[in-house]
Amino acid sequence: MFDIDQFIADCRNALAADRSQKHVREVVARAVSDPASVLKSLGEPKCAGLNTLHRSSDLTVLNIVWAPMMTVIPHNHAMWAIIGIYTGREDNIFWRRLPGSPGKVEAAGAKALCERDAEPLGHNIIHSVTNPIPRLTGAIHVYGGDFFNPTHRSEWDPETLLEGPFNPERAIRQFEEANAALANRQKR
Ligand SMILES: [Fe+2]
C-alpha cells in the first residue's frame, strides 16, 4: 500500500545514499508501478492543482493534477526532477537553446508518458507539458531542490519561444483558469 510519509522517507534515504536522482527515480518507479494504490492513498483527482506533499531545501514532492487538454508553456526547473504518472497521460516536448539566437529555444524531442512511467529529467532540461486526454492526469513530481525557491528559473513565451523570468503567479493562475474551464465543461 502506498503511504505518502513512507514514500517521502524513502526519497530522503535514497537522496542521502546518492545526491543524484538515480535512486530516487527507483523509489518513484516503485510507487507508480502500483497506480491503484497511489490513487487510493492520494484520492481520485477531482480538479487540476499543484499540491505540495513535501518541501525542503533539497527535495520537493508535488502531486500535480493536469486538467483535460491543459498545456504548460516551456520552462526549466534548474534542478533535476522525476515525473511518475499514476493516472492518465502526459506528453512532454523537450526544448534546447538555439545557437546564435540568444534566449530562443527550438524543439529537440518529445516523450509520451503513461501510467506507471517514472521519467527522470536532468538539471538543465527545458520542457512543456500537455495532458492530451479528456480527463484529469495525476503525477507525482519529485525535484532535487526547493521547487518554490529556485534560482535561474525561466519560461519561454509560447508564441515567440523567447526566454523570460519564471512567473510563479502566472503558473498558479493557469491551474485556476483550467479549473474554471473544467467546471464550465461539466455544466454543459
Ligand atoms: Fe516542469
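## Pockets and salt bridges: worked exercises

Five nonpolar, two polar and four charged residues make up the lining of the second largest pocket. This is a predicted model, in which local features need pLDDT of at least 70 and side-chain atom pairs count only at pLDDT 80 or more, while totals for chains, interfaces and linings use all residues. Residues are numbered from 1 along each chain as its sequence is written, and side-chain values use heavy atoms, with hydrogens and water left out.

**Exercise 1.** Find which residues line the second largest pocket, and which elements give two or more of them.

*Solution.* Start with the term: a pocket is an open set of points on a 1 Å grid where a 1.4 Å probe fits, with protein on both sides within 12 Å along at least five of seven lines, and its lining residues have an atom within 4 Å of a point. Next, collect the residues: M1, F2, D3, Q6, F7, D10, V27, R30, A31, D34 and S37 form this lining. Finally, place them: α1 (4–17) and α2 (22–32) are the elements that give two or more residues. Helices here are DSSP runs of H or I with at least four residues, and strands are runs of E with at least two.

**Exercise 2.** Describe the lining of the largest pocket by position, element and class.

*Solution.* First, look towards the centre: of the 23 lining residues, L50, F147, R153, F166 and A171 lie nearest to it. Then turn to the elements: two or more residues each come from β2 (60–66), β3 (71–76), β8 (126–130), β9 (137–143) and α4 (168–187). Helix α4 gives the largest share, six residues. Last, sort by class: 15 residues are nonpolar, five polar and three charged.

**Exercise 3.** Locate salt bridges in the whole structure and say which parts D58–R12 and R96–E106 tie together.

*Solution.* Begin with the total: the search finds ten salt bridges (a side-chain nitrogen of Lys or Arg within 4 Å of a carboxyl oxygen of Asp or Glu). Take D58 and R12, whose side chains meet at 2.6 Å, N to O. D58 sits in the loop between β1 (49–55) and β2, and R12 in helix α1, so this pair ties together parts 46 residues apart in sequence. Widen the view: R12, R19 and D58 are linked in a network of salt bridges.

Now move on to R96 and E106, paired at 2.8 Å, N to O. R96 belongs to strand β5 (residues 89–97) and E106 to strand β6 (residues 105–114), so the pair ties together parts ten residues apart in sequence. To finish, check E115 and R116: their salt bridge has its closest N and O atoms 3.9 Å apart.

Terms used
Ala, Val, Leu, Ile, Met, Phe, Trp, Tyr, Cys and Pro count as nonpolar, Asp, Glu, Lys and Arg as charged, and the others, Gly among them, as polar.
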